[in-house]
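Grab a coffee and open the viewer: here are some short exercises on one protein model. Try each task yourself before you read its solution.

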Amino acid sequence: MAIIAPSLLAANFATLAEEVRDIEQGGADWLHLDVMDGKFVPNITFGPLVVEALRPRTSLFMDVHLMIEKPEAYVDAFVDAGADGVTVHVEACAHLHRTIQTIKARGVKAGVALNPATPAEWVRPVLADIDLVLVMTVNPGFGGQAFIPSTLKKIAALREWIREDGLDGRVAIQVDGGIAQGTARLVTEAGASVLVAGSSVFGVRDRAKAMAELRADAAL
Ligand SMILES: O=C(CO)[C@H](O)[C@H](O)COP(=O)(O)O
Ligand SMILES: [Fe+2]
């Protein structure tokens with residue numbers, strides 16, 4: 001079954017704790033938290049304080065997606081705040097392997113994200129060292145954008161390498177951006193198993209129904 005990770009970016013920021021409770025009661029598996037610094041991406045969101053404030057309000061897996069420069073400098077702050085997983089962008093890391101070691105040393109799940117124009121090959125040398133590859137299916141920075149179909153080939157290539165390298169069940173493929181009914185089917189057919197969904201879950205009134213529809217659409 002696909003893991004559904006609603007992205008807080010599309011929630012009502014005036015009532016964050018209630019929004020998180022709503023998706024938790026509605027059947028979410030993870031909570032996806034988009035951290036943006038206005039440098040790596042042209043938008044600014046929030047930092048560890050929001051993660052820390054929400055930590056006692058939910059038992060969902062807190063999946064922190066760092067869209068920031070020099071992410072290695074902030075790993076400790078997000079883990080201290082309560083993150084269960086930290087994902088960094090390969091394009092933002094000069095020493096990717098060391099950054100992964102820093103995350104793993106803190107006892108949380110390590111993820112590596114790829115922008116739509118970044119080749120899948122960039123993550124292959126560290127596949128065995130991580131828990132998750134995040135394939136961005138839109139350009140990072142904003143919610144509500146259209147899914148980029150060329151990312152499907154990248155998902156399929158990663159699925160193949162994970163199989164070849166004997167990493168099935170150890171390394172998950174996550175997708176993020178434009179995931180809704182229809183695209184959920186396409187990405188899971190290509191090999192993704194963790195679906196981040198902002199607008200298609202938080203952007204509608206009945207979140208439980210939206211998540212159930214995503215699960216039903218997913219080919220898993
Ligand atoms: O990382 C992100 C943007 O950079 C978000 O997680 C993503 O955009 C989710 O939003 P939506 O589902 O509305 O596309
Ligand atoms: Fe994200």
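**Exercise 1. Classify Arg21 by burial, then place it in the fold.**

Start with the count. Arg21 has 13 C-beta neighbours inside 10 Å, so it goes down as partly exposed. The scale runs like this: 20 or more other C-beta atoms within 10 Å of a residue's own make it buried, 12 or fewer make it exposed, anything in between is partly exposed, and C-beta atoms are placed from the backbone. Next, the location: Arg21 belongs to helix 1. Helices (H or I, at least four residues) and strands (E, at least two) are DSSP runs, numbered from the N terminus. Finally, look across to Leu60: the two residues are 39 apart along the chain, and their C-alpha atoms are 9.7 Å apart.

**Before you go on: what kind of model is this?**

It's a predicted model, where local features need pLDDT of at least 70 and side-chain atom pairs count only at pLDDT 80 or more, while totals for chains, interfaces and linings use all residues. Residues are numbered from 1 along each chain as its sequence is written, and chains are lettered from A and ligands numbered from 1 in the order in which they are written. The chain's mean pLDDT is 98, with 100% of its residues at 70 or more; pLDDT is the predictor's confidence in each residue, from 0 to 100. For the complex, the predictor reports an ipTM of 0.98 and a pTM of 0.98.

**Exercise 2. Describe the shell around ligand 1.**

First, list the residues. The shell holds 22, and Ser7, Pro140, Gly143, Gly198 and Ser199 come nearest. Being near here means that the C-beta atom, placed from the backbone, lies within 6 Å of the molecule or strand. Second, ask which elements supply two or more residues: strand 2 (30–36), strand 3 (61–67), strand 8 (194–197) and helix 7 (199–202). Third, sort by chemistry: 8 are nonpolar, 12 polar and 2 charged. In that split, Ala, Val, Leu, Ile, Met, Phe, Trp, Tyr, Cys and Pro count as nonpolar, Asp, Glu, Lys and Arg as charged, and the others, Gly among them, as polar.

**Exercise 3. Work out where the two annotated active-site residues sit.**

UniProt, in an unreviewed entry, puts "active site" at Asp34 and Asp176. They are spread over 143 residues of sequence, yet they cluster in space, with a largest C-alpha distance of 10.4 Å. UniProt positions follow the numbering used here, feature names are shortened, and annotations may be inferred rather than shown by experiment.

Take Asp34 first. This residue is part of strand 2 and counts as buried because it has 24 C-beta neighbours inside 10 Å. Beyond its neighbours within four places in sequence, Asp34 contacts Ser7, Leu8, Leu9, Thr45, His65 and Met67. Contact means C-beta atoms, placed from the backbone, within 7 Å.

Now Asp176. You'll find this one in strand 7 (residues 172–176), buried with 28 other C-beta atoms within 10 Å. Leaving out residues up to four places away in sequence, Asp176 touches His65, Leu134, Met136, Thr137 and Val196.

**Exercise 4. Compare Ser7 with Gly141: is each one buried or partly exposed?**

Both are among the residues that the unreviewed UniProt entry lists under "binding site". Ser7 is in the loop between strand 1 (3–6) and helix 1 (16–25), and with 24 other C-beta atoms within 10 Å it is buried. Its contacts, leaving aside neighbours within four places in sequence, are His32, Asp34, Gly143, Val196, Ala197 and Gly198.

Gly141 is in the loop between strand 6 (132–136) and helix 5 (151–164). Having 18 C-beta neighbours inside 10 Å, Gly141 is partly exposed. Not counting residues up to four places away in sequence, Gly141 touches Met36, Val41, Pro42 and Asn43.

**Exercise 5. Find what helix 6 packs against.**

Check coverage first: helix 6 (residues 183–190) has 6 of its 8 residues buried, so it is mostly covered. Those are Thr183, Ala184, Leu186, Val187, Thr188 and Ala190. Then look at their partners: helix 5, strand 7, strand 8 and helix 8 (207–217). Last, step off the end, where Gly191, just after helix 6, takes a positive phi of about 130°.

Terms used
Two residues are in contact if their C-beta atoms, placed from the backbone, lie within 7 Å.
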